[in-house]
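Biologist: Before we discuss this model, please show it to me. I shall then ask how each label is justified.

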Amino acid sequence: MAVTSFSNQTSTLQAIASMTDFVVTEPMKRYFVGLDYAAISDADKLVIPTTNGFYNKPITVAAQNRACSKYEQNVSAFLGYDRTGRSYAPDQGAFIGGVPRPGWTALCGSTSVYAINSGPPVSVLKSNAAHLLYPFTSFQEGWLRFNTPGAGAGLPIIGFSVSSAVGDASNGISTNYGWTVKHKGTPFER
């Protein structure tokens, strides 16, 4: 279940009004990481048993009353690849719930929704609670790869992408399309 990266296709072409959201879940996080809600500072809220194999303090932080798996931006955590194989990095890092997080971003809570090139209220799922925006101004379609934190050991992650598009109106009738694709993971091998 632990993956060192996952990838999926994305489409945000303006000509067909396509949008893509990535849904990323960490189903094991609740068994390995806890929060002390009585603590005052985020740094004191994190409770991590020392014997777990995935989460530790350098990559796990508390932010906005959620346990987050943090990674540094300089490790190329999220990269886009177009149809020709050229790679693209996000423009300014992630925006968590509309708040910029320069220098790092994270998988917060058990589920995160990454809106690619859009955000509420115009993203596919229109998520507000666990929403993260990834802006790629020069990249509109292809594949996105997300390298997970964890000192190469990966994290237990599953999920899928959700996309929608609007076709050309012919004879006064518009066509709408939607699709869901499971993430493809690179498993951690011991």
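**Labels and their cut-offs**

Modeller: Let us begin with a pair of charged residues: Lys-29 and Glu-26 are both buried. The term buried means under 20% relative accessible area, exposed means over 50%, and partly exposed covers what lies in between (1.4 Å probe, protein chains only). This is a predicted model, in which local features need pLDDT of at least 70 and side-chain atom pairs count only at pLDDT 80 or more, while totals for chains, interfaces and linings use all residues. Residues are numbered from 1 along each chain as its sequence is written, and side-chain values use heavy atoms, with hydrogens and water left out.

Biologist: What makes the meeting of Lys-29 and Glu-26 a salt bridge?

Modeller: A salt bridge requires a side-chain nitrogen of Lys or Arg within 4 Å of a carboxyl oxygen of Asp or Glu. The N to O distance between Lys-29 and Glu-26 is 2.8 Å, so the pair satisfies the rule. The rule yields three salt bridges. Another of them joins Arg-86 to Asp-82 at 2.9 Å, N to O.

Biologist: Is Asp-82 buried or exposed, and how do you know?

Modeller: Its relative accessibility is 12%, and Asp-82 therefore counts as buried.

Biologist: Why does the salt bridge of Arg-83 and Glu-141 tie together separate parts of the chain?

Modeller: The side chains of Arg-83 and Glu-141 meet at 3.0 Å, N to O. Arg-83 lies in the loop between β7 (78-81) and β8 (87-88), whereas Glu-141 belongs to strand β14, so the bridge connects parts 58 residues apart in sequence. The relative accessibility of Arg-83 is 70%, so this residue counts as exposed.

Biologist: How many helices and strands does the protein chain have, and what makes a stretch count as one?

Modeller: The protein chain has two helices and 18 strands. Both are DSSP runs numbered from the N terminus: a helix is a run of H or I of at least four residues, and a strand is a run of E of at least two. For instance, strand β16 covers residues 158-166 and includes Val-166.

Biologist: Why is Val-166 called partly exposed?

Modeller: Its relative accessibility is 33%, so Val-166 falls in the partly exposed class. Although Val-166 and Ala-17 are 149 residues apart along the chain, their C-alpha atoms are separated by 5.7 Å. Apart from neighbours within four places in sequence, Val-166 is in contact (heavy atoms within 4.5 Å) with Ile-16, Ala-17, Ser-174, Thr-175 and Asn-176.

Biologist: What class does Thr-10 belong to, and what joins its side chain to that of Thr-20?

Modeller: Thr-10, in strand β1, has a relative accessible area of 5% and is therefore buried. A polar contact is a pair of N or O atoms within 3.5 Å; within protein, one must be able to donate a hydrogen and the other to accept it, and residues adjacent in sequence count only if both atoms are side-chain atoms. The side chains of Thr-10 and Thr-20 are joined by such a contact at 3.4 Å.

Biologist: Why is the pair of Tyr-114 and Phe-146 called tilted?

Modeller: Rings of Phe, Tyr and Trp (its six-membered ring) pair if their centres lie within 6.5 Å; planes under 30 degrees apart are stacked, over 60 edge-to-face, and the rest tilted. The structure holds two aromatic pairs. For Tyr-114 and Phe-146 the centres are 5.8 Å apart and the planes stand at 55 degrees, so this pair is tilted. The pair links strand β12, home of Tyr-114, with strand β14, home of Phe-146, across 32 residues. Both Tyr-114 and Phe-146 are buried, and together with Phe-6 they form one aromatic cluster.

Biologist: Which residues touch the most other members of the largest nonpolar core?

Modeller: A nonpolar core is a set of buried Ala, Val, Leu, Ile, Met, Phe, Trp, Tyr and Cys residues joined through side-chain atoms within 4.5 Å. The largest one has 22 residues, and those touching the most other members are Phe-22, Val-24, Leu-46, Phe-78, Leu-107, Tyr-114 and Ile-157. At least two residues of this core come from each of β1 (2-11), β2 (19-25), β12 (111-116) and β14 (141-147).

Biologist: What is the mean pLDDT of the protein chain?

Modeller: The mean pLDDT, the predictor's confidence in each residue from 0 to 100, is 77, and 76% of residues reach 70 or more. Residues 93-103 fall below 50, although this stretch has 26 contacts in the model beyond near neighbours in sequence.
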